[in-house]
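Here are some short exercises to work through with the model open in your viewer. Try each task before reading its solution.

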Amino acid sequence: MKLFDTHAHIGLIHEDPIEQLIITQEARQSNVEHIISICNSLSDFDYVYSNLETASHIYHSIGVSPSEVQNPGVDWEMKIIEGTKLDRVVAVGEIGLDYYRKFGNRDSQVELFIRQLELADKLDKPVIIHNREAGEDVLSILSEKLPARGGILHCYSEDWAYAQKALELNLYISFAGNVTYRNARNLHETARNMPLDRMLIESESPFMVPSAYRGKRNKPAYLHATAEFLAELRDMPIEEITEILYTNSMNFFGITD
Ligand SMILES: [Zn+2]
C-alpha cells in the first residue's frame, strides 16, 4: 500500500526542525510515500522548505491563506513567484475564503483569493483551496478564475449536492480525518457517491485526527486510518483504493518519481 498525503502543516505539527524530519520519516514507515507540506504563512514556508530540502519525498505548496489576509507582507506576490521556482514546489495554497473565523473582511479575502488564482494560472500551478462557511462564493469565483492546472477542495466539509457542482468544474475533492467521524453523514454520502478519479486524501495534520486516533495530535503517519475508512465505505480492497488515490495525487501535482 502506498499513500499520498496531499495536505500536512508540518511547520505546525512541530516547530523543531529535527522533530519535523522525524515526522516525515515516521510517515514513510507508515506507507506515506509523499507529503505536500502546506505553509501557513510565507515565513513558515521559508523555514520548513529549507529544513526539509533534503527530504526527497516531501513536496511543497506556497500561498497566503485567508488567515493571513490582514498581514500577507508587502512582497507576498514576489515570494510566491520566487517560491514556485524552487524544486518540489508544486502548488499554490492553501488559498481561499474563511467566513467562519472572519479574518479581515469579506472583500479583502475575496480580493486576495482572486489575485492568487490569477497568479497560480500565470505560474502554471494548480491550487489548494480552503473553504469554511464560504461555499457559494468559493464556487462562483472558481467558475471564472480556476487556473488551467486545476484545484483541490481540501478538507472537504460540504455535502454531496455541493460536490456535484464542484465536480462540474473538474475540481478534486480531498478528504481528511473528519470523514471518519460517525456523525459526518454528508461526508460519507459524498465519499460514497463521487467518482474515484476525483478523490484525494490528506491528513490536514496537526488538525482533524481520524477517529481511530482520537485525542492525539494528528500527523501524516495516521493517514492510513482515513484510507481504511474510505475502503470500507466504498466496499473496495484497501490496496485498490489507495492505488487510485495515489495515482490521482501524482497526476494532479505532476509528480513522476
Ligand atoms: Zn490546512
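**Exercise 1. Placing alanine 163**

Task: Decide whether alanine 163 is buried or exposed, then find where it sits and what it touches.

Solution. Begin by counting neighbours: alanine 163 has 23 other C-beta atoms within 10 Å. The cut-off for a buried residue is 20 or more, so alanine 163 is buried. Keep in mind that you are looking at a predicted model. Next, locate the residue: alanine 163 belongs to helix H7. Then list its contacts, leaving out residues up to four places away in sequence: Glu158, Ile173, Thr190 and Met194. Finally, try a distance: from alanine 163 to isoleucine 152 there are 11 residues in sequence, and their C-alpha atoms are 12 Å apart in space.

**Exercise 2. A loop residue and its contacts**

Task: Work out where valine 69 lies and which residues it is in contact with.

Solution. Valine 69 is part of the loop between S3 and H4. Its neighbour count is 20 C-beta atoms inside 10 Å. Since 20 is enough to meet the cut-off, valine 69 counts as buried. Setting aside neighbours within four places in sequence, the contacts of valine 69 are Phe103, Gly104, Ser108, Gln109 and Leu112. Now pick serine 108 from that list: valine 69 and serine 108 are 39 residues apart along the chain, with 7.0 Å between their C-alpha atoms.

**Exercise 3. Reading the sheet**

Task: Give the strand order of the sheet and say which strands stand at its edges.

Solution. Trace the strands across the open sheet: eight of them follow the order S1-S2-S3-S4-S5-S6-S7-S8, with parallel pairing. S1 and strand S8 (199-201) are at the edges; each has a single partner strand, so one side of each lacks a neighbour in the sheet. To describe the twist, ignore direction and take the average: neighbouring strands are turned by 30 degrees against each other. As a last step, check how covered S1 is: six of its six residues are buried, so S1 is largely enclosed by the rest of the structure.

**Exercise 4. Strand S2 and its partners**

Task: Find how many bridges join S2 to S1 and to S3, then follow the chain from S2 to S3.

Solution. Start with strand S1 (residues 3-8), which pairs with S2 in the parallel sense over four bridges. On this side, serine 37 in S2 has alanine 8 standing opposite. Move to strand S3 (residues 58-62): S2 and S3 run parallel and are joined by four bridges. Here isoleucine 36 has tyrosine 59 in S3 as its bridge partner. To get from S2 to S3, the chain passes through helix H3 (residues 42-51), giving a right-handed β-α-β crossover. S2 itself (residues 32-38) is mostly covered, as six of its seven residues are buried.

**Exercise 5. The buried side of H3**

Task: Which residues of H3 are buried, and what covers them?

Solution. The buried residues in H3 are Leu42, Asp44, Phe45, Val48 and Tyr49. Look down the axis: they span an arc of only 140 degrees, which places them on the same side of H3. Their cover includes helix H1 (10-13), helix H2 (17-29), S2, S3 and helix H4 (76-83).

**Exercise 6. An annotated pair**

Task: Locate the residues covered by the UniProt annotation "binding site" and compare their surroundings.

Solution. According to the unreviewed UniProt entry, the annotation covers His130 and His154. They span 25 residues in sequence, but their C-alpha atoms are no more than 6.0 Å apart, so they gather at one spot. Histidine 130 is in strand S5 (residues 127-132), while histidine 154 is in the loop between strand S6 (151-153) and helix H7 (160-168). Histidine 130 is buried, with 22 other C-beta atoms within 10 Å; histidine 154 is buried too, with 27. Beyond four places in sequence, histidine 130 touches residues including Ser65, Glu94, Asp98 and His154. For histidine 154, the contacts include His7, Glu94, His130 and Glu202.

Terms used
Residues numbered from 1 in each chain as written. Predicted model: local features only at pLDDT ≥ 70, side-chain atom pairs only at ≥ 80, totals over all residues. UniProt positions renumbered as here; feature names shortened; annotations may be inferred. Helix = DSSP H or I, 4+ residues; strand = E, 2+ residues; numbered from the N terminus. Buried ≥ 20, exposed ≤ 12 C-beta atoms within 10 Å, placed from the backbone. Contact = placed C-beta atoms within 7 Å. Pairing = 2+ DSSP bridges. Right-handed = clockwise from strand over helix to strand, strands pointing away. Axes fitted to C-alpha atoms, helices over the stretch in contact; angles between N-to-C directions. Arc of directions from axis to C-beta.
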